[in-house]
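The paragraphs below lead through the structure by way of its helices, its sheets and some individual residues. Please keep the sequence and the model in view while reading.

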Amino acid sequence: MLTLLCPGSSFAQETREDGAGSNAAAAALTVEATSPTTDDWAETVPANGWLAAWQEAVISAEISGQRITSVNGEVGDTVKAGQELAKLSSDKIESEVQQREADLESARAAFDEAKANGDRARKLKGSGAATDQQITEYLVAERKAQADLDSAEAALASSRVDLEHTRILAVDDGTISARSASLGDVVATGDELFKLIRQSRIEWQAEIPLKQLRHVAEGTRAVIPTPIGDVEGSVRKIAPTASEKTGRVTAYVSLVPPDGDHPNPKTGIFVSGYFDVGTSSAINVPSSAITLRDGFSHVYVIVDGSPTTVSRKRVETGRRNGDRVEITSGLEGNETLVKAGGAFLADGSVVRLVSAREADDNAAGAAGAASASDDAAASSGEDTGQ
């Protein structure tokens, strides 16, 4: 009996070992390997900020008591310097101009008479035909007439200027951004009637973190991505002080006017963009190789051995370029990593390496098996129904 049981015991033990080995092989996950690459990537400084007018001109009334008789400019209109935007009533001022012209003619006549008397008085001086007092009176009257003439000319010039101010004109080329003028309003001196974006120039007032300001200077290229294409510009000026609220410094970016049918950027929009500050070397991996766990980024490094296992390693990420991510710390660049599927792995997991083609074939096979299983389930359901 003992001789018969021994072979049986040995056979049972071998069977258990074979089963364990088979289970271990089944537990190994199939993964594809990848290695980090080092490339020169564009180095950028991200920033946020408002789109605003480069300079905004306020067009106000320069006379008071006149009624708006026409409004010729609307918000969004592109205008030229000197173009009429509104018209004020001018009947009263035109009457004043005519009155000033008449006053000027009267002053000229009085001056001509006083000058003639003054010339005669100067000729009679020392002859004894007129007393010194009379001569002095004629000369003083001449000077007074000259002053009255100058005053009349100034009054006429002032009235003519008021008449010109009844035409509200654009002070520069640009785009009307606001209109307060309404037909029939009676204006007062200083009343705002229009606002104008000078030369239709829009700028980006980008807020830059202080620690990244050293990378940005006047002339640095800036890019604002939009759904219809990138809007580009360059730094015009950097503010000399930082914001007391945010600690950021504002960079004023002059945007390049759009070409073709692209609309001009609109003011009052908060946008995100970046500054192109050159290129630098970047160790990068596929984004699929990075796994987020407990709020940190990790990759799985393949450890050669028997069996092959993986070691989880925490990394810090940086820039992104398409489907690749920069690793700023945690890798030396010569490791072999798991390309995808890190969410199903743990530190020390056993894996089986396959090539990219095998991985694609396995994925296609799995998809086919799933499809066949669905078809079989559907067919079984139909047979049951019958």
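Helix 2 and helix 3 cross in a left-handed sense; a crossing is called left-handed if the near helix is turned anticlockwise from the far one by less than a right angle, and right-handed if clockwise. The model is predicted, so local features need pLDDT of at least 70 and side-chain atom pairs count only at pLDDT 80 or more, while totals for chains, interfaces and linings use all residues. Residues are numbered from 1 along each chain as its sequence is written, and side-chain values use heavy atoms, with hydrogens and water left out.

Helix 2 covers residues 91–124 and helix 3 residues 132–164; they pack at an angle of about 160 degrees, their axes 7 Å apart. Axes here are lines fitted to C-alpha atoms, for helices over the stretch in contact, and angles run from 0 to 180 degrees between N-to-C directions. The angle therefore makes helix 2 roughly antiparallel to helix 3 (under 35 degrees counts as roughly parallel, over 145 as roughly antiparallel, 65 to 115 as roughly perpendicular and the rest as oblique). Their contact contains 19 nonpolar, four polar and 13 charged residues. In this scheme Ala, Val, Leu, Ile, Met, Phe, Trp, Tyr, Cys and Pro are nonpolar, Asp, Glu, Lys and Arg are charged, and the others, Gly among them, are polar. Helices (H or I, at least four residues) and strands (E, at least two) are DSSP runs numbered from the N terminus.

An unreviewed UniProt entry places a "coiled-coil region" at residues 90–117; such annotations use the numbering given here, have shortened feature names and may be inferred rather than shown by experiment. In the model, this span is 96% helix and 0% strand, and its end C-alpha atoms lie 41 Å apart.

Turning to the sheets, one open sheet of four strands has the order 3-10-8-5 with antiparallel pairing. Its edge strands, strand 3 (56–60) and strand 5 (78–79), each pair on one side only. Two strands are taken to pair if DSSP finds at least two bridges between them. Strand 3 is joined by five bridges to strand 10 (residues 192–198), and the two run antiparallel; Glu56 has Ile197 of strand 10 as its bridge partner.

Another open sheet of four strands follows the order 7-6-4-9, again with antiparallel pairing. Strand 7 (167–169) and strand 9 (186–187) stand at its edges with a single partner strand each, so one side of each has no neighbour in the sheet. Within this sheet, strand 4 (residues 66–71) and strand 6 (residues 84–88) pair over three antiparallel bridges, and Ser70 stands opposite Lys87 in strand 6.

Most residues other than glycine have a negative phi, and most peptide bonds are trans. Ser200, although not a glycine, has a positive phi of about 55 degrees. Ser200 lies in the loop between strand 10 and strand 11 (202–209) and is partly exposed, at 22% relative accessible area (buried means under 20%, exposed over 50%, partly exposed in between, with a 1.4 Å probe and protein chains only). Asp294 likewise is not a glycine and has a positive phi, of about 60 degrees; the loop between strand 16 (291–293) and strand 17 holds Asp294, which is exposed at 68%. The peptide bond from Ser306 to Pro307 is cis, with omega near 5 degrees, and Pro307 belongs to the loop between strand 17 (296–303) and strand 18 (309–321).

Asn284, in strand 15 (residues 270–286), is buried at 0% relative accessibility. Although 247 residues separate Asn284 from Thr37 in sequence, their C-alpha atoms are 5.5 Å apart.
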